[in-house]
Amino acid sequence: MSDQSNECISCRRMGADFECEVCNEFVCKKCVQKLSGETFLYLDKIPENMGHTHYCGACFDREVGPQLEIYEEVLSRAQEVFVFFKTQKKEIPLIKKTREIMVVEGKPDRDETILCLAFMSAQKGFNALIDVEVLSKKVGNHAYQKHEWRGTGVAAEIDAMKLDRQDKQNAIYR
Ligand SMILES: [Zn+2]
Ligand SMILES: [Zn+2]
């Protein structure tokens, strides 16, 4: 779709190859901001203007930039969330928990399912995920079979310092 008359909305150079999917203006290779479809993977619902792949600088800064910063901050906390499975017997130094049971379906594997639950917990400002259950079932026929994952868990706040002490004690008395 390259055309010598396509003027880049950002730098005004001609021959811009891309189009911003928000404002539909042309944007050149140098100025285009690309976003992969995987960027907001753990968001429950991606707002329409955050789900595109090509942006001009102004639209990116307005629609995506601030959200991306928040998202990455939550994701980094999600990776630190303490995960406790329903089957585990270890005592949890629980401070509080939510009533709601969170459900994640359709993720490609077990780890992604758990991380997605952890993300939801971090989004609510909690540091733990308790009562976790992850199940998979085979779906499809002989020719095409895949696993379907379903995870549930409860967002909770735990005393991380206490957990640390418990772990150390367990290590001593084991
Ligand atoms: Zn440009
Ligand atoms: Zn734009």
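Colleague: Let's start with one residue: in which strand is D131 found?

Modeller: D131 is found in strand β8. Keep in mind that we're looking at a predicted model.

Colleague: What is the phi of D131?

Modeller: D131 has a positive phi of about 55°, although D131 is not a glycine.

Colleague: Which other residue shall we look at, and what is the phi of R12?

Modeller: Phi of R12 is near 70°, again a positive value in a residue other than glycine. R12 sits in the segment before β1 (18-19).

Colleague: Okay, now burial. Is R12 buried or exposed?

Modeller: You count the other C-beta atoms within 10 Å; 12 or fewer makes a residue exposed, and 20 or more makes it buried. R12 has 10 such neighbours, so R12 counts as exposed. D131 has 17 C-beta neighbours inside 10 Å, so D131 counts as partly exposed.

Colleague: Let me try some more of these. Where is E48?

Modeller: E48 is in the loop between β3 (33-34) and β4 (54-55). E48 is exposed because 10 other C-beta atoms lie within 10 Å.

Colleague: What separates the C-alpha atoms of E48 and E63 in space?

Modeller: Those C-alpha atoms are separated by 9.6 Å, while the two residues are 15 residues apart along the chain.

Colleague: And N49, where is that one found?

Modeller: N49 is found in the loop between β3 and β4. With 15 C-beta neighbours inside 10 Å, N49 counts as partly exposed.

Colleague: Which residues is N49 in contact with, leaving aside neighbours within four places in sequence?

Modeller: N49 is in contact with V22 and E63. For another pair, take N49 and E91: they're 42 residues apart in sequence, and their C-alpha atoms are 44 Å apart in space.

Colleague: What about E38 and S36? Where is E38 placed, for a start?

Modeller: E38 is in the loop between β3 and β4, and S36 has its place in the loop between β3 and β4 too. E38 has 7 C-beta neighbours inside 10 Å, so E38 counts as exposed. S36 is exposed as well, because 8 other C-beta atoms lie within 10 Å.

Colleague: How many residues apart along the chain are E38 and A143?

Modeller: E38 and A143 are 105 residues apart along the chain, and 28 Å separates their C-alpha atoms. S36 and E133 are 97 residues apart along the chain, with 30 Å between their C-alpha atoms.

Colleague: Let's turn to the inside. How many residues does the largest nonpolar core have?

Modeller: Here's the general idea: in soluble globular proteins, nonpolar side chains tend to be buried together. In this model, the largest nonpolar core has 23 residues, and those with the most contacts inside the core are L117, A118, F119, L129 and A156.

Colleague: Which helices and strands each supply at least two residues of this core?

Modeller: They are α1 (57-78), β7 (102-105), α2 (110-123), β8 (128-140) and β9 (145-158). The largest share, eight residues, comes from α2. Apart from this core lies another one, of 15 residues, among them C8, V27, Y55 and C59.

Colleague: Which residues does F119 touch, not counting residues up to four places away in sequence?

Modeller: F119 touches Y42, V74, L75 and A78.

Colleague: Now the helices. At what angle do α1 and α2 pack?

Modeller: Two packed helices are described by the angle between their axes and the distance between the axes. For α1 and α2, the angle is about 115° and the axes are 8 Å apart. The crossing of α1 and α2 is right-handed.

Colleague: Which residues in α1 meet α2?

Modeller: V74, L75, R77 and A78 in α1 meet L115, A118, F119, A122 and Q123 in α2. By class, this contact has seven nonpolar residues, one polar and one charged.

Colleague: Last topic: which domains does the domain assignment give?

Modeller: The domain assignment gives domain 1 (18-77) and domain 2 (82-173). Their C-alpha centres lie 29 Å apart.

Colleague: How many residues does the contact take from domain 1?

Modeller: The contact takes four residues from domain 1 and five residues from domain 2. On the side of domain 1 that touches domain 2, the residues divide into three nonpolar, no polar and one charged.

Key:
Residues numbered from 1 in each chain as written. Chains lettered and ligands numbered in written order. Predicted model: local features only at pLDDT ≥ 70, side-chain atom pairs only at ≥ 80, totals over all residues. Core = buried A, V, L, I, M, F, W, Y, C linked by C-beta atoms within 7 Å. Helix = DSSP H or I, 4+ residues; strand = E, 2+ residues; numbered from the N terminus. Contact = placed C-beta atoms within 7 Å. Axes fitted to C-alpha atoms, helices over the stretch in contact; angles between N-to-C directions. Left-handed = near helix turned anticlockwise from the far one by under 90°. Nonpolar A, V, L, I, M, F, W, Y, C, P; charged D, E, K, R; others polar. Domains from an automatic or database assignment.
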